[in-house]
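User: I should like a close look at a single part of this model, namely one helix and its surroundings. Please describe its packing in one connected account.

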Amino acid sequence: MANIHTPIPNLKLSDGNSIPMLGYGTGTAWYKSGDEGKIDQACIDSVKMSLGLGYYHQDGAEVYKTETELGAGLKQASIAREKLFVTTKVISNISDIPNALRTSLKKLGLSYVDLYLIHSPFFSEDKAEHQQKWKQMEQLKDEGLTKSIGLSNYLPAQMDWILEGAKYPPVINQIEFHPYLQHEGILEYHKKHNVATEAYASLTPVTKASGGPIDDILAALSKKYAVGPSEILLRWCIDQDVVPITTSGKEQRLSDYLRAMTFKLTPKEIQQINEAGKQKHFRGFWTHKYDEKDHR
Ligand SMILES: NC(=O)c1ccc[n+]([C@@H]2O[C@H](COP(=O)([O-])OP(=O)(O)OC[C@H]3O[C@@H](n4cnc5c(N)ncnc54)[C@H](OP(=O)(O)O)[C@@H]3O)[C@@H](O)[C@H]2O)c1
């Protein structure tokens with residue numbers, strides 16, 4: 001297994017806080033479709049295992065119904081609170097954001113989270129409503145219940161609404177991001193507005209959409225850097241200042257991913273992946289909200 005002390009770098013956010021540039025998620029494979037009260041021991045064990053490997057950045061959401069498991073894993077791992085970076089998100093209870101965060105904190109067993117996100121913009125198409133929700137997010141930051149506030153799955157036009165008149169601009173936007181879904185121009189938009197980019201599903205080209213135009217490049221780079229294709233994909237994010245989050249129930253995989261911290265891709269290699277990746281389009285999440293040809 002990779003050296004567990006391999007340090008994960010931090011990215012400075014616009015509000016002065018820092019986020020570790022690789023996170024462990026308690027959604028996707030851990031997402032509970034049934035009774036939230038039925039505790040998933042495997043999820044608790046995985047959170048603990050990931051923390052043991054050094055994944056101090058943990059990503060949760062009320063809608064995953066696994067905040068209790070995440071909280072139990074955090075507690076059992078006994079890592080100093082200030083070393084952890086815990087995210088959760090609101091969407092099911094978007095009608096009452098202050099209460100949603102308080103409920104999440106109770107389940108997590110924490111007095112504050114490091115990052116609180118609006119999970120998606122699809123609850124409303126009304127600018128004023130989005131701005132009103134953002135005011136509630138700002139209030140929670142003022143109350144100290146979250147250190148930072150941000151968005152997830154927002155498009156630039158929707159972020160414009162939030163940025164207009166915000167007391168605290170969103171520090172981050174968590175989006176599906178991989179070579180087959182690059183959302184032309186979004187990284188530039190984020191940089192221009194000091195919004196960091198967080199990527200989920202960054203392993204898509206080797207998982208759900210395997211067999212594609214970047215395969216040969218991934219194989220050549222894996223050989224060059226003596227790592228697996230997943231590590232190349234994680235590094236492709238990190239070298240563009242994008243924070244990837246992943247998940248796995250397998251210790252070996254999570255340990256291997258830490259090798260992404262041991263090398264750097266050249267700008268030319270990033271460009272090669274970008275160009276080849278644009279030859280294929282694949283979206284794995286929120287597909288019911290987008291037309292098949294919509295690459296935003
Ligand atoms: N904001 C949002 O809307 C949103 C949406 C989706 C996800 N997320 C967050 O992002 C986190 C990461 O989820 P993700 O879906 O983005 O993770 P991902 O890193 O793209 O994929 C991880 C999944 O792929 C599997 N996998 C890894 N390598 C594989 C391989 N070589 N062959 C086959 N399967 C392989 C893993 O299974 P094993 O367990 O077998 O390793 C795991 O289930 C989630 O937990 C959640 O916190 C957020």
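**Helix α3 and its surroundings**

Analyst: Helix α3 lies across three strands, β5 (85–90), β6 (113–118) and β7 (146–152), and runs at about 135° to β5. The model is a predicted one, and the description below begins with this helix before turning to the barrel and the ligand.

Two packed helices are described by the angle between their axes and the distance between the axes. For helix α2 (residues 67–77) and helix α3 (residues 97–108), the axes come within 7 Å and cross at roughly 45°. That crossing makes α2 oblique to α3. On the α2 side the contact is formed by E67, T68, L70 and G71, which meet S104, K107 and L108 in α3. By class, this contact of α2 with α3 comprises 2 nonpolar, 3 polar and 2 charged residues.

Helix α3 also packs against helix α4 (residues 127–142), at an angle of about 45° and with the axes 9 Å apart. The two helices α3 and α4 are therefore oblique to each other. Here α3 contributes I97, P98 and L101, and these meet K133, Q136, M137, Q139 and L140 in α4. The contact of α3 with α4 has 5 nonpolar, 2 polar and 1 charged residues.

The strands crossed by α3, namely β5, β6 and β7, belong to a barrel. In this barrel 8 strands close in the order β3-β4-β5-β6-β7-β8-β9-β10, with parallel pairing. Neighbouring strands of the sheet are turned by 30° against each other on average, direction ignored. One of the pairings is that of strand β3 (residues 23–25) with strand β4 (residues 57–59), which run parallel and are joined by 2 bridges. Within it, Y24 stands opposite Q58 in β4.

The model also contains a ligand, which is surrounded by 26 residues; the closest are G25, G27, Y200, T246 and S248. Of these, G25 falls within the range of β3 (residues 23–25), and Y200 within that of β9 (196–200). The shell around the ligand has 7 nonpolar, 16 polar and 3 charged residues.

The loop between α6 (186–192) and β9 (196–200) holds H193. This residue counts as partly exposed because it has 16 C-beta neighbours inside 10 Å. Leaving aside neighbours within four places in sequence, H193 is in contact with L163 and P169. The C-alpha atoms of H193 and D160 are separated by 9.5 Å, although the two residues lie 33 residues apart along the chain.

Note on methods: Residues are numbered from 1 along each chain as its sequence is written. This is a predicted model: local features need pLDDT of at least 70, side-chain atom pairs count only at pLDDT 80 or more; totals for chains, interfaces and linings use all residues. Axes are lines fitted to C-alpha atoms, for helices over the stretch in contact, and angles run from 0 to 180 degrees between N-to-C directions. Helices (H or I, at least four residues) and strands (E, at least two) are DSSP runs, numbered from the N terminus. Angles under 35 degrees count as roughly parallel, over 145 as roughly antiparallel, 65 to 115 as roughly perpendicular and the rest as oblique. Two residues are in contact if their C-beta atoms, placed from the backbone, lie within 7 Å. Ala, Val, Leu, Ile, Met, Phe, Trp, Tyr, Cys and Pro count as nonpolar, Asp, Glu, Lys and Arg as charged, and the others, Gly among them, as polar. A residue is buried if 20 or more other C-beta atoms lie within 10 Å of its own, exposed if 12 or fewer, and partly exposed in between; C-beta atoms are placed from the backbone. A residue is near a molecule or strand if its C-beta atom, placed from the backbone, lies within 6 Å of it. Two strands pair if DSSP finds at least two bridges between them.
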